[in-house]
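Here are some short exercises to help you find your way around a new structure. Keep the sequence and the 3D view open, try each task yourself, and then read the solution.

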Amino acid sequence: MPATVLSGFTHNFLGNAPTWYKQVIILFLIANPLIVWTLGPAVAGWVLVGEFIFTLAMALKCYPLLPGGLLAIEALLIGMTTPDAVYHEVLVNFPVILLLMFMVAGIYFMKELLLVTFTQILVGVRSKSALSLLFCAAAALLSAFLDALTVTAVIISVAVGFYSVYHKVASGKGYHHADHNANSDEQVIELHREDLDKFRAFLRSLLMHGAIGTALGGVATMVGEPQNLLIAKVVGWDFASFFLHMAPVSLPVLAAGLTTCWLLEKLRWFGYGARLPKPVRQVLEEFADNERIKRTKADQAALWVQAMAALVLVIGLAFHLAEVGLIGLLVIILITAFTGITDEHQIGKAFQESLPFTSLLVVFFAIVAVIHEQHLFKPIIEFVLSLPQDQQPGMFFIANGLLSMISDNVFVATVYISEIKQALDAGSIDYEHFQELAIAINTGTNLPSVATPNGQAAFLFLLTSAIAPLVRLSYGRMVIMAFPYTIVMGSVGLFCVINLV
């Protein structure tokens, strides 16, 4: 225990994070003003981006909202950006914030239906390669008509459900033990520890296949990713036009991605290939049978309500009847009203997962505001536009891909599409070439950005979700597991942009 008030402050700073981590964050905070005053805000901006990525990489040591928030506050104080600029970035991305606030909570109220459905798939499909392909392809299909964050929320909800069921049994408890801490292995019986580690590896691979699937499908349609809708509006494409323009790139990449999924499971490379242990499968089968036997008429009615709400969700998102977040709020209201969930505290639990990440995303937009204010990407854009026109689509794909790996792909796409729109308005390029560059920007921000969790909001959400520490899915492990997909999707995408667009 701290002996003095000063040592108490030291102890409380960033809580249980390692001492070395606290010292590194303090070093960042001391160094940033010095870098601004000596080397200028542009250099300090790139340093800040690196520091923020460090906080994301160390997400399992300390939730990035805290150190990342301190860095963002300091950036405001030393004039690297302004509160108005941060507000503007938040306002531009408000649909994403609405989505996180309400859609993730909406998925929470559908967890019984999701768990029933995916448990049947898990125990029914015994081939891990087939199961991985199914997860990846299903995530791709859903992301094409829903959006990547919503689909990722579904996958996370399912994985948490599976993990909780077995972790209770491995700890010597029943399926429905109410007060159980799945974050702690202290009560796990020694006999089950090896199977639990294998199950973690199994879930990690399914989560990553599913997350990659959201990128494979999300690139194809105007509702798949937030920047897709923005690009479609600027260029003037409707749903069908967007799909047809992206198809020469998105469809070959989809085929290559699914092939990579199958090969990784067969070859067991990069952390893939873990099989579901027989004892775990037995537990899940018993759980499914037990759930089916004890299901009352009220429970069956609740499942029907959730299924109808899921149908409303799919129709609403597929036809973009309203902003995604508002459709999520509709789902919350429908399910809670017709399943008897009327207590405020019961409803509040649904928001526990999404609001910390929403806060982190706002901090991320503050870092994006620094990038925008300091024009960190402008030299790259000017260089690409100075190249011969036939080289520009490929270079735009590469530039967008590299920048999306370290920044937010929504921001990168926004900057690039606005720059080439200005070039079109100025008469520097014609409309046909403008469309080619728009395809390169969309595919460049969606495909190579799977390399790091900060490249896509869905990947960042997965990294900072409740399931990541449970299955030991760290930033570094995500980068390693995404690496083969990055190479395949990036190279096939680049080839198609150069030769088919």
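## Exercise 1: A salt bridge within one helix

Lys421 has a relative accessibility of 27%, so this residue counts as partly exposed. Before going on, please note that the model is predicted.

**Task.** Find the residue whose side chain meets that of Lys421 in a salt bridge, and work out how the two are placed in their helix.

**Solution.**
- Step 1: The partner of Lys421 is Asp425, with 3.0 Å from N to O. A salt bridge needs these atoms within 4 Å, so the pair qualifies.
- Step 2: Both residues belong to helix H20 (residues 409-425). Because they are 4 residues apart there, about one helical turn separates Lys421 from Asp425.
- Step 3: Asp425 has a relative accessible area of 56%, so this residue is exposed.

## Exercise 2: Two more salt bridges

**Task.** Compare the bridge of Arg126 and Glu285 with that of Lys198 and Glu194. Where does each residue lie?

**Solution.**
- Step 1: Begin with the count, which comes to 7 salt bridges.
- Step 2: The side chains of Arg126 and Glu285 meet at 3.1 Å, N to O. Arg126 sits in the loop between helix H7 (111-124) and helix H8 (128-145), while Glu285 is in helix H13 (residues 278-294), so their bridge ties together parts that are 159 residues apart in sequence.
- Step 3: Look at the accessibility of this pair. Arg126, at 58%, is exposed, and Glu285, at 26%, is partly exposed.
- Step 4: Turn to Lys198 and Glu194, whose side chains form a salt bridge of 3.4 Å, N to O. Both are in helix H10, 4 residues apart, or about one turn of the helix.
- Step 5: Lys198 is partly exposed at 40% relative accessibility, and Glu194 is exposed at 53%.
- Step 6: To finish, locate Lys128, Glu265 and Arg275, which salt bridges link into a network.

## Exercise 3: Stacked or tilted?

**Task.** Decide whether the ring pair of Tyr21 and Phe54 is stacked or tilted, and do the same for Tyr431 and Phe434.

**Solution.**
- Step 1: A pair of aromatic rings is described by the distance of the centres and the angle of the planes.
- Step 2: The whole structure holds 13 aromatic pairs. In the pair of Tyr21 and Phe54, the ring centres are 5.8 Å apart and the planes are at 20 degrees, so this pair is stacked.
- Step 3: Tyr21 belongs to helix H2 (residues 19-39) and Phe54 to helix H3 (residues 41-57), so the pair ties together parts 33 residues apart in sequence.
- Step 4: Tyr21 is buried, at 0% relative accessible area, whereas Phe54 is partly exposed, at 21%.
- Step 5: For Tyr431 and Phe434, the ring centres lie 6.0 Å apart with the planes at 40 degrees, so the pair is tilted.
- Step 6: These two residues are 3 residues apart in helix H21 (residues 431-446), so Tyr431 and Phe434 are separated by about one helical turn. Tyr431 is partly exposed, at 38%, and Phe434 is buried, at 1%.
- Step 7: Return to Tyr21 and Phe54, which ring pairs link with Trp20 and Phe28 into a cluster.

## Exercise 4: A residue in a loop

**Task.** Is Thr221 buried or exposed, and what does Thr221 touch?

**Solution.**
- Step 1: Find Thr221 in the loop between helix H10 (190-218) and helix H11 (226-235).
- Step 2: Buried means under 20% relative accessible area. The value for Thr221 is 3%, so Thr221 is buried.
- Step 3: Leaving out residues up to four places away in sequence, Thr221 touches Ser143, Ala144, Phe145, Asn228, Phe239, Phe242 and Phe243.
- Step 4: Look again at Ala144, whose backbone oxygen is 2.3 Å from a polar side-chain atom of Thr221.

## Exercise 5: A nonpolar patch

**Task.** Which residues make the nonpolar surface patch of about 780 Å²?

**Solution.**
- Step 1: The patch is made by Trp262, Leu263, Leu267, Trp269, Phe270, Ile480, Phe483 and Ile487.
- Step 2: At least two of the patch residues come from helix H12 (239-267), and at least two from helix H24 (475-500).
- Step 3: Take Ile480, which is in helix H24. Ile480 has a relative accessible area of 49%, so this residue is partly exposed.

Notes:
Residues are numbered from 1 along each chain as its sequence is written. This is a predicted model: local features need pLDDT of at least 70, side-chain atom pairs count only at pLDDT 80 or more; totals for chains, interfaces and linings use all residues. Side-chain values use heavy atoms; hydrogens and water are left out. Buried means under 20% relative accessible area, exposed over 50%, partly exposed in between (1.4 Å probe, protein chains only). A polar contact is a pair of N or O atoms within 3.5 Å; within protein, one must be able to donate a hydrogen and the other to accept it, and residues adjacent in sequence count only if both atoms are side-chain atoms. Contact means heavy atoms within 4.5 Å. Patches are made of residues with over 30% relative accessible area and no salt bridge: like charges are joined within 9 Å, nonpolar side chains (Val, Leu, Ile, Met, Phe, Trp, Tyr) within 5 Å. Accessible areas come from the Shrake-Rupley method with a 1.4 Å probe; for residues, only the protein chains shown count as cover. Rings of Phe, Tyr and Trp (its six-membered ring) pair if their centres lie within 6.5 Å; planes under 30 degrees apart count as stacked, over 60 as edge-to-face and the rest as tilted.
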